[in-house]
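Below is a walk through one protein model, moving from a helix to the charged pairs and then to the loops. Please keep the sequence and the coordinates at hand while reading.

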Amino acid sequence: MTKILVAGASGYLGKHILEELENWGISSIALVRSVQKLDGIRPETTEVVEAEVTKPETLRGICEGVDVVISTVGITRQQDGLTYNEVDFQANMNLLTEAKSAGVRKFIYISVINGKRMRHLKMVDAKERFADELVASGLEYTIIRPNGFYSDLKELLPMAKNGKVYLFGHGEYKLNPIHGADLAEVCVRAIAQKEREIIVGGPDILTQNEIVELALRACNKPINIGHVPDWIRVLILKVVQRLLPGHYAGPLEFFLTFIAMDHIATRYGTRRLQDFFNEEVHKH
């Protein structure tokens, strides 16, 4: 029977992947730092294992009997003083080493869209260096490069509730963000697919202005968008890179770089951003 190891299983995407594997009736091992972080999500077909991916000695034998590893491991919000090199690169290398020694068939890695264009950023460089190692590993692999997540865009809603949202620049850069549940479907389908790289986003390609309009509409507010000159974004980015310590600078420099380019991926999924915003507003 196929068995899948999901690393980073207690994270946003990891939980969706566990649920999708359960939907497919596929046995899985949820690799987590703490069982409590799974928030009660323990499907009957899932074995939960506690380990620290940054500490290779805790991973010994973790891949025995595993057919495919799916890794969502990476720093989203800096904690514990760990660096991108320690988590996004080395922790995934620790998993890859275990996978190879156990004879795992395939390794699926969740990276970031436009990684090659943003490799000058520390976070993205760590991901790209691991992707390079995975390609050279000799294992069958798929690198999945998702567009922005709906869950990140809900940060717009507090501003929208106040009646006005500000954007850097003209707001016409495009992206097609994706819901975590739709992305989880892509990850699980990749188990049996041969594609080595999948660049994927949600069903709707939207400008930043259009995304803000959806947020304002969800909050029953008139369309009121402020546009801050882009030179201010550039100035803030330079200040962040020069003056802030790495654990603060990393997420900010990624955000300030990401918003200044188009991110258009293959469209996938059925969950719409407007519905997501509506649901989030009604939760609070």
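In this predicted model, the buried residues of helix α2 are Y84, V87, D88, F89, A91, N92, M93, N94, L95, L96, E98 and A99. The list includes the charged residues D88 and E98 alongside nonpolar ones such as F89 and L95. Helix α2 covers residues 84-102, and at 1.5 Å a residue its 19 residues should span 27 Å; the C-alpha atoms at its ends are 26 Å apart, so expectation and model agree. The helix does have a kink of about 35°, which is centred on Q90. After α2 comes G103, with a positive phi near 75°.

Charged pairs are the next topic. The structure holds 18 salt bridges. One of them joins D132 to R119, with the closest N and O atoms 3.0 Å apart. D132 belongs to helix α3 (residues 122-135) while R119 sits in the loop between β5 (106-110) and α3, so this pair ties together parts that are 13 residues apart in sequence. Both partners fall in the intermediate class of exposure: D132 counts as partly exposed at 42% relative accessibility, and R119 is partly exposed with a relative accessible area of 28%.

A second salt bridge is formed by the side chains of D125 and R129, at 3.2 Å from N to O. Here both residues lie in helix α3, four residues apart, which is about one turn of the helix. An α-helix has 3.6 residues a turn, so residues three or four places apart point the same way. D125 is partly exposed, its relative accessible area being 24%, and R129 is likewise partly exposed, at 26%.

The salt bridge between the side chains of E197 and R145 has an N to O distance of 2.8 Å. This pair links distant parts of the chain, with E197 in strand β9 and R145 in strand β6 (residues 140-146), 52 residues apart. How exposed or buried is each partner? E197 counts as partly exposed, since its relative accessibility is 38%, whereas R145 is buried because its relative accessible area is 4%, under the 20% cut-off. Elsewhere, salt bridges that share partners join D67, R105, K106, E140 and K194 into one network.

K106, a member of that network, also appears in the surroundings of A190. A190 lies in the loop between α6 (180-189) and β9 (197-201). With a relative accessible area of 0%, A190 is buried. Leaving aside neighbours within four places in sequence, A190 is in contact with K106, I108, T142, I144 and I198. R267, 77 residues away from A190 in sequence, is 16 Å from A190 in space, C-alpha to C-alpha.

R267 turns up again around another loop residue, N176. N176 is placed in the loop between β8 (174-175) and α6, and N176 is buried too, with a relative accessible area of 0%. Apart from neighbours within four places in sequence, N176 is in contact with N147, G201, G202, D204, I205, H263, I264, A265, T266 and R267.

Two further asparagines are of interest for their backbone angles. Most residues other than glycine have a negative phi, and most peptide bonds are trans. N114, although not a glycine, has a positive phi of about 55°. N114 lies in the loop between β5 and α3, and N114 counts as partly exposed at 21% relative accessibility. N220 is also not a glycine and has a positive phi of about 55°. N220 lies in the loop between α7 (208-218) and β11 (225-228). Is N220 buried or exposed? N220 is exposed, because its relative accessible area of 71% is over the 50% cut-off.

The last stop is on the surface. Which residues make the nonpolar surface patch of about 460 Å²? The patch is made by W231, L235, V239 and L243. L235 has its place in helix α8 (residues 230-243). At 45% relative accessibility, L235 counts as partly exposed.

Terms used
Residues are numbered from 1 along each chain as its sequence is written. This is a predicted model: local features need pLDDT of at least 70, side-chain atom pairs count only at pLDDT 80 or more; totals for chains, interfaces and linings use all residues. Side-chain values use heavy atoms; hydrogens and water are left out. Helices (H or I, at least four residues) and strands (E, at least two) are DSSP runs, numbered from the N terminus. Buried means under 20% relative accessible area, exposed over 50%, partly exposed in between (1.4 Å probe, protein chains only). Contact means heavy atoms within 4.5 Å. The expected span of a helix is 1.5 Å times one less than its number of residues. The bend at a residue is the angle between axes fitted to the seven residues ending there and the seven starting there. A salt bridge is a side-chain nitrogen of Lys or Arg within 4 Å of a carboxyl oxygen of Asp or Glu. Patches are made of residues with over 30% relative accessible area and no salt bridge: like charges are joined within 9 Å, nonpolar side chains (Val, Leu, Ile, Met, Phe, Trp, Tyr) within 5 Å. Accessible areas come from the Shrake-Rupley method with a 1.4 Å probe; for residues, only the protein chains shown count as cover.
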